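Hello,

Here is the structure I promised to pass on. Please open it and keep it in view while you read my notes below.

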Amino acid sequence: MYLNNHSCYSLKYGILSPKEILDMAAQWGVERMALTDINNTSACMEFVRLAQRRDIAPVLGIDFRNGARQCFVALALNNDGFMEINRYLSGHLHQGIPIPDRAPMFEHAVVIYPYHSYEGAVLRHNEYLGVAPEDLNRLRFSSGDVLPDRLLAFNTGTFRNKRDYNTHRLLRAIDNNVLLSKLAVSEQSSPNCAFLSPEQMLEVYREWPDLLERSERVLNMCEFDFDFGDDMEHKNQQTYTGSAEDDLELLRILCTEGLSYRYPHPDDELLERLEKEIDIISKKGFVSYFLISWDIVRYARSKGYFYVGRGSGANSIVAYILRITDVDPIDLDLFFERFINLYRKNPPDFDIDFSWADRDDVTNYIFDRFPNVSLLATYSTFQFRATIRELGKVFGLPKREIDMLSSGRFSFTKLDELSQLVIKYSRHIQDLPSHLSIHAGGILISEEPIHRYTATFLPPKGFPTTHFDMITAEDVGLYKFDILSQRGLGKIKDTLEIIRSNHPDSEAIDIHDMKRFRSDPKIKEHLREGKAIGCFYVESPAMRMLLQKLRVQDYLGLVAASSVIRPGVARSGMMREYILRFRDPKRRPPEDDVMMQIMPDTFGVMVYQEDVIKVAHYFAGLSLAEADVLRRGMSGKFRSREEFARVKDKFFSNCVEKGHTKELTAEVWRQVESFAGYAFAKGHSASYAVESYQSLFLKAYYPREYMVATINNGGGFYSPELYLNEARLCGAAVEEPCVNKSGALSRIEGKTIYLGFHRIRGFEHTAMECLLHSKKMQGEFHSLNEFISRVAISLEQLVLLIRAGAFRFTGLSKKALLWKAHLLLGHKPKKKLMPTLFEPKPKEYQLPTLLTEKYEDAFDQMELLGFPLCNPFMLLREQTDAGISAGELLKHAGREATVTGYLIHVKKTNTSKGERMYFGTFLDRNGAFLDTVHFPPVTEKFPFRGKGVYRVTGKVVEEFGAVSIEVREMHMLPVIQDPRYADISVYEQQMLMKAKKQRMATSKENRP
């Protein structure tokens, strides 16, 4: 009877989760049920998994629609039928073409057309007409053109009650971007599309029992068989060469050939571990996973792409020898069982980072190289505040009221009826899936076509993408390859190219020479002092301060710091404890302490993900398989699953049996629970540390070139302005864009950095290409007239170049250049330039004397580049005492001090009570860092007011050598009026401020 049922994955249409639908069905005693979401298969495999646990036979299908108009429903007779309808839907989704009213000839699927839209076409042997409850009156008076054996009961289940129906209508209004009152009837479901119990179905169709019998017969024809048991084999591509034996032989050959590159003098212990790894990899059936990863990185090396292999994969010698990772697991004593063991069901985890510029080509290669490839989806869900805004628009509320509701600053009981409805239904809609998105880097490479498990859609980049997410994929037995992108690798690659260009005679750099980097004194100093601006993963204010607190100066210290900084470690209090034990050996537990024995390298403190497995295995006596379930559950992947609950219970019961006190067990569990989902695997931290060392080397020895590469790759934690400031501190001169010296991106000549044309706001790509092409073909420009004669550019685009200072080589002021530009171009449209044999002599005009105010360029720069190239302190209306400098703060520890700083970054967070507080990062007048803490009372009284210079007063706090200011008072200092539009000059503004200050001082002195 249950042929057509929608879950919430009928996006912006359905309401209920697959679990809610099945729980309801189980309560009614339903034995067989179909899930037929609208043009979507996201919930299908989860529906099957959950149905099997409730002894309900699952049937899978798709409700094919154009918008809300139903064309037909296809039910899969078996697994082949599911693949068939998935392929059909995918074809339409990929090409963006409408669904036809008539289904194709499916071999393994049943097709049901809505009775009310039937127009008399001859039905095939597998096609039926579905009679909905509202069609029964029409059927009663029909002429009998349709054979009775083609009619069946066809109730559509979309919602349970009136509230669900109202929610459905609101979702449809959001989807159609219309007021609820304007929502067309054709764009919403009938109120009759409710889930009915078997008794209600019998009552509705009491005059037509044969329709129910026929629908039950069709439902019983459908059988979807899938094993979700513990012994299920993975569904990834099973072999690389076509034969498991050949795969294993190839893996051994590759390890033999690569061994000398990684280990020139391997000892017996190393060879024994290598053999152990290969044996386990083979027994678990993961050989193809390693070979496919090797194939991908081999292609990347052949193209000269930089990459970093990370994740738990870095714990493997095989991965290290195959050059999938660059982390030596022997050197770091990495815990191999975190990576793979005989009890582990899923393949190992490799995350391979590529430069953002190279990742798409690598993805293309994977799709071309392997037969069954798809990207992995994620679900974008409705968030509460965003939903309030959407419903506010649907109900037609004014923007001011929507802003108030989304801010959360209201009393519900004081709201009017409409506003209360917005809040009420926002809570119902919250967390429902809104649309499908793409996983950051997940790629599935399956043995069978991906359409055996899901339909696919085609996002803008053009790669087929599943309808389900990572967790469902793992349930099915499909495990992703993470092919990720990051800008840090692009910075390293580009820096090396810039060095070759700017220092052609310098010795070639081996950026993979980690032995050299680990002993380099300059890198040690940069780490110890937190001089890491622009460097991968170690440049944030929190990380810089942690490096100073730990006085990190070696590789292993950085590996630990990379995981200690993660939020879970800090939240559990283990970050502070680690710092204390690191700095003070007296705080470390005795050697016979159980936690010290498990984790001696980190002084008995859990720092890495492996530590969860170690503690669960050695402290609580769980098996390695159970310990891995615990780790994965803590990461959020299975937090709601029954197996996690069972392992958690066993953790506590085992601790009782082992004689641990309740207090100790509870504390260890608290630590595990608070950080396991956020901590890094040690191999992951080690991989990050390798890239940090590479960037630190470039920053230490080629800081100017490295900063240019940083801004060309989109910056990092901070804005481009800060990286240019860092370049200045390293001896660089930063120049505005120049038509002769600049390129599309910023570049460096000697010690001079010329900003690229891409930094000019509003400068069009076509104009930039035309400029660069002319310069490449005909050489540099010598005058504005020559530029106009050679480059087809509009007046508006030319004005942007002039105001950005790109023609300063002419020696003319901007105002003179603007006059000439208007005289030469006027408002003529761009025209295609034709080469001429002789250049006509331009007509010269006598221009009046044009005065230029001081700092006009700075305001042009702020408008067009986003920041001034001069010291921002020079733009203050009043040049006052700046207070103490950053370098003097330590002398004032424990006392109150006043500083003046230029705001560069603000991080907001919440206290344990949920109150808002901030951490600020400023630069003093000399470009040194000032770090501030703004507790809730100060935040409310002295809020940040945007970019600018602030005078900050507060208590100087020193902790483990790192200094910050706990702010008591903060004021933004006024800047001069924009001289381009001011009635008086900058000099006159400053003189007026000085006179005003003198008058106030005199007045104070003359008071009685």
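Two strands pair if DSSP finds at least two bridges between them. Keep that in mind for the sheet. One more point before the details: this is a predicted model.

Start with strands β4 and β5. β4 covers residues 69-76 and β5 covers residues 109-114. They run antiparallel, and four bridges join them. Look at valine 73: its opposite residue in β5 is isoleucine 112.

Now the whole sheet. It is open and has six strands. Their order is β2-β3-β4-β5-β6-β7, and the pairing is mixed. Which strands stand at the edges? They are β2 (32-38) and β7 (151-153). Each has a single partner strand, so one side of each has no neighbour in the sheet. On average, neighbouring strands are turned by 35 degrees against each other, direction ignored.

Next, the helices on the sheet. Helix α3 spans residues 79-95. It lies across β3 (57-66), β4 and β5. Its direction is at about 20 degrees to β3. Helix α7 spans residues 209-221 and also packs on the sheet. It touches β2, β3, β4, β5, β6 (127-131) and β7. The direction of α7 makes about 90 degrees with that of β7.

Then look at a pair of helices. Helix α5 (residues 162-176) packs with helix α14 (residues 384-394). The angle is about 85 degrees, and the axes are 10 Å apart. Angles of 65 to 115 degrees count as roughly perpendicular, so α5 is roughly perpendicular to α14. Which residues make the contact? From α5 come Leu170, Ala173 and Ile174. From α14 come Glu390, Leu391 and Val394. Five of these contact residues are nonpolar, none is polar and one is charged.

Last, the cysteines. A disulfide is a covalent bond between the sulfur atoms of two cysteines. How many disulfides does a search of the whole structure find? Zero. Take cysteine 8, which is in no disulfide. The nearest cysteine sulfur is that of cysteine 44, 12 Å away. The cut-off for a disulfide is 2.5 Å. Cysteine 71 is in no disulfide either. Its nearest cysteine sulfur belongs to cysteine 193, 15 Å away.

Are these two cysteines buried or exposed? Buried means under 20% relative accessible area. Cysteine 8 has 6% relative accessibility, so it counts as buried. Cysteine 71 has a relative accessible area of 4%, so it is buried too.

Best wishes

Definitions and conventions: Residues numbered from 1 in each chain as written. Predicted model: local features only at pLDDT ≥ 70, side-chain atom pairs only at ≥ 80, totals over all residues. Heavy atoms only, no water. Axes fitted to C-alpha atoms, helices over the stretch in contact; angles between N-to-C directions. Helix = DSSP H or I, 4+ residues; strand = E, 2+ residues; numbered from the N terminus. Parallel < 35°, antiparallel > 145°, perpendicular 65-115°, else oblique. Contact = heavy atoms within 4.5 Å. Nonpolar A, V, L, I, M, F, W, Y, C, P; charged D, E, K, R; others polar. Buried < 20%, exposed > 50% of the residue type's maximum accessible area, 1.4 Å probe, protein only.
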